[in-house]
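Welcome, and please take a moment to look over the structure below. The report that follows walks through a few of its residues and the places where they sit.

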Amino acid sequence: MSVLEIKNLTTTYGPVKALDSVDVAVETGQITAVLGANGAGKTSLLRTVSGLVKPTAGTITLDGTDITGKPTESMVHRGMAHVPEGRGVIAELTIEENLRLGMRGAAKRPTDTPAPVRTLDDAYQLFPVLGDRRNAQAHTLSGGERQMLVIARALLARPTLLLLDEPSLGLAPRIVAQIFNLVRALVNDSGLTVLLVEQNARSALSIAHTGVVLNLGKVVVTESAEVLQNDATLRHSYLGF
Ligand SMILES: Nc1ncnc2c1ncn2[C@@H]1O[C@H](COP(=O)(O)OP(=O)(O)OP(=O)(O)O)[C@@H](O)[C@H]1O
């Protein structure tokens, strides 16, 4: 079953067609990786799905409800959490204060929503480094720790669908592996669904179930991660590794 169905989605910025008739189905309890070069339209896809940008055509269905063009503020209540590119934290607030902002999003979620991270303690158990530094200001964190903080904050809103935009950007391979393995474990253990946008195709496919490759706003390949990883022609043609 698909938790998210994107059909014929087109998004334009003036004369630029960032997305051109995009179809993506995100299966429940799986990680779907959206891959592609700079400017392929990956960020535009997440921004359109989360309502930050209005599409010019197409539909987005979340859990069977048409959410196309709905305000972005309503998405958290509908069970979607978006972790944008750039690891935006409130620098002068402590780690714990930043996390509490995520908990506010959970207030309007049904209390019986299955969620792997419901309390601050759950977040600290998942990311012990955040617990150790809970009273430190967020600007003191490293890039990897910041990425953990924004993921933990998003999870505290109890989403069923997590949108992750380029979590690996600028991080050392060891830290990327640590964060990605945690995301995969969460999905395996809790049934969370993840739509992951990445330029780092190799790392993304190591945890994803399905890969979707965008090029100039169009879907050029949709395949299981296993096939994409093992098919040298597909890899060389579309993923550059
Ligand atoms: N706010 C904007 N105004 C005008 N054009 C934009 C805007 N945002 C993106 N674009 C253009 O839309 C296209 C898709 O960009 P998008 O950022 O979605 O790609 P991307 O695959 O996420 O790339 P990146 O990895 O650089 O973020 C590009 O041609 C980009 O220049």
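Gln137 lies in the loop between helix 5 and helix 6 of this predicted model. Gln137 has 16 other C-beta atoms within 10 Å, so this residue is partly exposed. Leaving out residues up to four places away in sequence, Gln137 touches Ala91, Glu92, Leu93 and Thr94. Glu166 is 29 residues from Gln137 in sequence, and their C-alpha atoms are 24 Å apart in space.

Let us move on to Glu166. This residue lies in the loop between strand 7 (161-165) and helix 7 (173-190). Is Glu166 buried or exposed? Glu166 is buried, because 22 other C-beta atoms lie within 10 Å. Its backbone is also worth a look: Glu166 is not a glycine, and still its phi is positive, near 45°.

Another residue with a positive phi is Asn8, where the angle is about 55° although Asn8 is not a glycine either. Asn8 lies in strand 1 (residues 2-13). With 13 other C-beta atoms within 10 Å, Asn8 is partly exposed.

Strand 1 also holds Tyr13. Tyr13 has 9 C-beta neighbours inside 10 Å and therefore counts as exposed. From Tyr13 to Thr140 there are 127 residues in sequence, and 36 Å in space from C-alpha to C-alpha.

Tyr13 brings us to the ligand. Which residues are around the ligand? They are Tyr13, Val16, Ala18, Gly36, Asn38, Gly39, Ala40, Gly41, Lys42, Thr43, Ser44 and Gln199. Two elements, strand 2 (16-27) and helix 1 (42-49), give two or more residues each to this shell. Helix 1 provides the largest share, with three residues. Sorted by class, the shell has seven polar residues, four nonpolar ones and one charged one.

Next comes Glu198, which is found in strand 8 (residues 193-198). Glu198 is buried, because 25 other C-beta atoms lie within 10 Å. Beyond its neighbours within four places in sequence, Glu198 is in contact with Ala33, Leu35, Glu166, Ser168, Ser203 and Ala204. Glu166, met above, is thus one of its contacts.

Ser203, another contact of Glu198, has its place in helix 8 (residues 201-207). Why does Ser203 count as buried? Ser203 has 20 C-beta neighbours inside 10 Å, and a residue is buried if 20 or more other C-beta atoms lie within that distance. Setting aside neighbours within four places in sequence, Ser203 is in contact with Ser168, Val176, Phe180 and Glu198. Ser168 is thus in contact with Ser203 and with Glu198.

The table gathers some pairs, with their distances along the chain and in space.

| Pair | Apart along the chain | C-alpha to C-alpha |
|---|---|---|
| Glu198 and Ser168 | 30 residues | 7.5 Å |
| Ser203 and Pro173 | 30 residues | 8.8 Å |
| Gln137 and Glu166 | 29 residues | 24 Å |
| Tyr13 and Thr140 | 127 residues | 36 Å |

Now for the nonpolar interior. How many residues does the largest nonpolar core have? It has 73 residues, and those with the most contacts inside it are Ala33, Val34, Leu149, Ala152, Leu163, Val194 and Leu196. Helix 6 (residues 143-155) gives the largest share of this core, seven residues. Take Leu163 as an example from the core. Apart from neighbours within four places in sequence, Leu163 is in contact with Leu46, Val49, Ser50, Met80, Ala81, His82, Val83 and Leu195.

Helix 6 appears again in the surroundings of helix 3. In helix 3 (residues 95-106), the buried residues are Ile95, Asn98, Leu99, Gly102 and Ala106. Viewed down the helix axis, these buried residues fall within an arc of 120°, so they line one face of helix 3. They pack against helix 4 (120-126), helix 5 (128-132) and helix 6.

Finally, here is a wider view of the chain. The UniProt annotation, from an unreviewed entry, gives "domain: ABC transporter" for residues 4-241. That span is 37% helix and 26% strand, and its end C-alpha atoms lie 29 Å apart.

How values were computed
Residues are numbered from 1 along each chain as its sequence is written. This is a predicted model: local features need pLDDT of at least 70, side-chain atom pairs count only at pLDDT 80 or more; totals for chains, interfaces and linings use all residues. UniProt positions are given in the numbering used here, feature names are shortened, and annotations may be inferred rather than shown by experiment. Helices (H or I, at least four residues) and strands (E, at least two) are DSSP runs, numbered from the N terminus. A residue is near a molecule or strand if its C-beta atom, placed from the backbone, lies within 6 Å of it. Ala, Val, Leu, Ile, Met, Phe, Trp, Tyr, Cys and Pro count as nonpolar, Asp, Glu, Lys and Arg as charged, and the others, Gly among them, as polar. A nonpolar core is a set of buried Ala, Val, Leu, Ile, Met, Phe, Trp, Tyr and Cys residues joined through C-beta atoms within 7 Å. A residue is buried if 20 or more other C-beta atoms lie within 10 Å of its own, exposed if 12 or fewer, and partly exposed in between; C-beta atoms are placed from the backbone. Two residues are in contact if their C-beta atoms, placed from the backbone, lie within 7 Å. The arc is that of the directions from the helix axis to the C-beta atoms.
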